[in-house]
Amino acid sequence: MAKRQKLWSIFEKPVLAFILVGQRSDSLIYVTNKKKICKEIGIECIGLELEESVSQDELSLRVQELQSDPRVCGILVQLPLPKHIDENKILDLISPDKDVDGFHPYNIGNLALKGREPFFVSCTPQAVLELIKSVCPDIQGKNVTIVGKSNIVGLPLSLLLNNHNATVSLCHSQTMNLEEYVRRSDIFVAAIGKISYFKGEWIKEGAIVIDVGINVITQLDKEGNQQRLVYGDVEFNKAIEICSYITPVPGGVGPMTIAMLMKNILISWERLNGIQMR
């Protein structure tokens, strides 16, 4: 009888709560795609789309409301937030066990420490690792260059790859001789948000290239209609002639990032209900 009661107490489906502030084109793409996939696989998606002018207090209140909802097993605040919002204070309101984006200091800190495990690993770094391992299962000792040290991609990715014993260089806007880092990389990850910044001739022969950049431009087609085009950070048409593998933009890291988010939501739902499906 006790077992039957436990089964009836299980929440019927995972619930993802999201908050989108403003109308950034890359954020809109990601949120729209996440909502679409949630619907397709049976995850309930609830959330709020707020004006860019929303105050810190109002946004904090909205996050706390979602945090206190017992049905919610994951909360996603789409980053980056507007400059007048303190991102750290907002992210700190999400408990580590509902932080399916993996941005909470507890989760990032445990990712960095030996012998510790985060509740969740950030979705885009997970996606990059899965893509690399799909063509290079053993990355121990590989020279990896990551350009872009954001809290969303570069920093957690460097920790994750380091945990897999890769030799990682984390570069940024102040890095001297950036081209030389790229040229000697067995694996190169671009994540700066600048269209075709990295030239094809920079890429090492046979390297693996992961392009995380999402750069959206609008231009007129031949009929005079506006069309939206999405480009990565790497000069794709030239790089593909030199490297062994390269992710396209769009259709590369983005879909895999969403897949990792769905994975994290399922893990959270399992923990919430005290069950193990896999």
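**Figure 1. Glutamine 56 and its contacts in the predicted model.** In this predicted model, glutamine 56 touches His84, Ile85, Asp86, Lys89 and Ile90, leaving aside residues up to four places away in sequence. Take the pair formed with isoleucine 90: 34 residues separate glutamine 56 and isoleucine 90 in sequence, yet their C-alpha atoms are 8.1 Å apart in space. Glutamine 56 itself belongs to helix α3, and that helix returns in the next view.

**Figure 2. The three-stranded open sheet, with helix α3 packed on it.** Here the strands follow the order β2-β1-β3, and their pairing is parallel. At the edges are β2 (44-50) and β3 (74-77), each of which pairs on one side only. On average, neighbouring strands of this sheet are turned by 15° against each other, ignoring direction. Strand β1 (residues 15-21) is joined to β2 by seven bridges, and the two run parallel. To find your place along this pair, look for alanine 17, whose bridge partner in β2 is isoleucine 46. Helix α3 (residues 56-67) packs on the sheet and touches β1, β2 and β3, its direction making about 175° with that of β1.

**Figure 3. The span of residues 12-101.** An unreviewed UniProt entry annotates residues 12-101 as "domain: Tetrahydrofolate dehydrogenase/cyclohydrolase catalytic". In the model, 39% of this span is helix and 20% is strand, and the C-alpha atoms at its two ends lie 22 Å apart.

**Figure 4. The five-stranded open sheet and two helices that touch it.** Which order do the five strands take? They are arranged as β5-β4-β6-β7-β10, with parallel pairing. Both β5 (167-171) and β10 (245-246) stand at the edges with a single partner strand, so one side of each has no neighbour in the sheet. Helix α6 packs on this sheet, where it touches β6, β7 and β10; its direction makes about 155° with that of β7. Helix α7 lies across β4, β5 and β6 and runs at about 170° to β5. Towards β10, the pairing with β7 is parallel and consists of two bridges, with isoleucine 208 facing tyrosine 245 of β10 as its bridge partner.

**Figure 5. Strand β6 and its two partner strands.** Zooming in on β6 (residues 187-190), what covers its faces can be read residue by residue: Ile187 and Val189 are buried on one side, and Phe188 and Ala190 are buried on the other. Strand β4 (residues 143-147) runs parallel to β6 and is joined to it by four bridges. Four bridges also join β6 to β7 (residues 208-211), again in parallel. Phenylalanine 188 is a handy landmark for both pairings: threonine 145 of β4 stands opposite phenylalanine 188, while valine 209 is its bridge partner in β7.

**Figure 6. The largest nonpolar core and valine 212.** In soluble globular proteins, nonpolar side chains tend to be buried together. The largest such core in this model has 24 residues, and those with the most contacts inside it are Val128, Ile132, Ile139, Leu161, Val189, Ile210 and Val212. The elements giving two or more residues to this core are α5 (105-112), α6 (123-135), β4, α7 (154-163), β6 and β7. For a closer look, centre on valine 212, which touches Thr124, Val128, Val153, Val189, Ala190, Ala191 and Val253, not counting residues up to four places away in sequence.

**Figure 7. Serine 268 and its surroundings.** Is serine 268 buried or exposed? Its relative accessible area is 4%, under the 20% cut-off, so serine 268 counts as buried. Serine 268 is placed in helix α10 (residues 253-273). Apart from residues up to four places away in sequence, serine 268 touches Cys73, Gly74, Asp97, Val100 and Phe120. The contact with Cys73 leads to the final view.

**Figure 8. Cysteines 73 and 243, and the absence of disulfides.** How many disulfides does the model contain? The count is zero. A disulfide is a covalent bond between the sulfur atoms of two cysteines, and the cut-off used here is 2.5 Å. For cysteine 73, the closest cysteine sulfur belongs to cysteine 38 and is 9.6 Å away, so the two are too far apart for a bond. For cysteine 243, the closest cysteine sulfur is that of cysteine 136, and at 14 Å this is also too far for a bond. Cysteine 73 is buried, with 1% relative accessibility, and cysteine 243 is buried too, at 10%.

Technical notes. Residues numbered from 1 in each chain as written. Predicted model: local features only at pLDDT ≥ 70, side-chain atom pairs only at ≥ 80, totals over all residues. Heavy atoms only, no water. Buried < 20%, exposed > 50% of the residue type's maximum accessible area, 1.4 Å probe, protein only. Pairing = 2+ DSSP bridges. UniProt positions renumbered as here; feature names shortened; annotations may be inferred. Contact = heavy atoms within 4.5 Å. Core = buried A, V, L, I, M, F, W, Y, C linked by side-chain atoms within 4.5 Å. Axes fitted to C-alpha atoms, helices over the stretch in contact; angles between N-to-C directions.
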